Amino acid sequence: MARKPNQQQEVVQPEIAEGNEQVTVAEELPVDHFTNIVFDGKAKKLSPKTTNHVFYEVSEHDDLKALFIRLSGNEGGGLHSKEWIALEDIFTVLNGQTDKPFKSTVFKSVFKGGSANNAGFLAACCRGLDLIIPTEKSVFLHVLAPDYEQRRDELLSLVSDETKSE
């Protein structure tokens with residue numbers, strides 16, 4: 001505990017020299033390359049037991065001029081990663097799934113984060129984007145939509161025309 005100076009002790013104040021310059025230190029904030037949101041959507045979760053949705057954003061990366069998607073939220077709970085994922089990476093995974101049903105876990109490879117909900121929520125987003133559809137056998141298995149290539153090309157066309165010509 002600090003002592004109070006008694007009346008006999010002289011309190012010494014530090015001297016402040018005139019002309020001291022103030023230095024401001026600016027924090028370096030991370031650059032947000034995803035300012036151009038080209039599509040904002042929601043998709044019904046995979047489980048037939050719920051009517052809740054997951055929300056997602058598709059954005060054009062400022063420098064790379066490529067499209068990225070992220071899970072931006074969900075109704076009803078469930079943790080997930082909000083990292084941006086290149087749509088090209090998702091198309092690479094989907095292009096390898098021709099002619100056979102597949103589980104949501106195929107999407108685990110595109111995430112750096114490890115939330116258990118990521119793959120299922122991304123599968124719901126892909127259904128919302130009409131890239132995949134449920135199989136007749138199970139709501140948790142997927143197949144490519146009949147017009148997958150057309151829908152993929154429509155999404156890729158969301159990259160602005162100015163950036164394509166560079």
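A disulfide is a pair of cysteine sulfur atoms within 2.5 Å. In this predicted model, a search of the whole structure finds zero disulfides.

**Cys125 and Cys126.** Select these two residues to begin. The sulfur of Cys125 has its closest cysteine sulfur in Cys126, 7.0 Å away, which is too far for a bond. Cys126, likewise, is in no disulfide. Cys125 counts as buried because its relative accessibility is 0%. At 2% relative accessibility, Cys126 is also counted as buried.

**Strand S7.** Move on to residues 141-144, strand S7. Show the side chains: His142 and Leu144 point to one face and are buried, while Leu141 and Val143 point to the other face and are not buried. In a regular strand the side chains alternate between the two faces of the sheet.

**The partners of S7.** Add strand S5, residues 102-103, which pairs with S7 in the antiparallel sense over two bridges. Here Lys103 has Leu141 of S7 as its bridge partner. Then add strand S6, residues 132-134, antiparallel to S7 over three bridges. Ile133 is bridged to Val143 of S7. Trace the chain from S6 to S7 and you pass through a hairpin of six residues.

**Helix H3.** Finish with residues 148-156, helix H3, and colour its buried residues: Tyr148, Arg151, Arg152 and Leu155. Turn the view to look down the axis of H3; these buried residues fall within an arc of 100°, so they line one face of the helix. What do the buried residues of H3 pack against? Display strand S3 (67-74), helix H1 (87-95) and strand S7 to see these contacts.

Terms used: Residues are numbered from 1 along each chain as its sequence is written. This is a predicted model: local features need pLDDT of at least 70, side-chain atom pairs count only at pLDDT 80 or more; totals for chains, interfaces and linings use all residues. Side-chain values use heavy atoms; hydrogens and water are left out. Buried means under 20% relative accessible area, exposed over 50%, partly exposed in between (1.4 Å probe, protein chains only). Helices (H or I, at least four residues) and strands (E, at least two) are DSSP runs, numbered from the N terminus. The arc is that of the directions from the helix axis to the C-beta atoms. Contact means heavy atoms within 4.5 Å. Two strands pair if DSSP finds at least two bridges between them.
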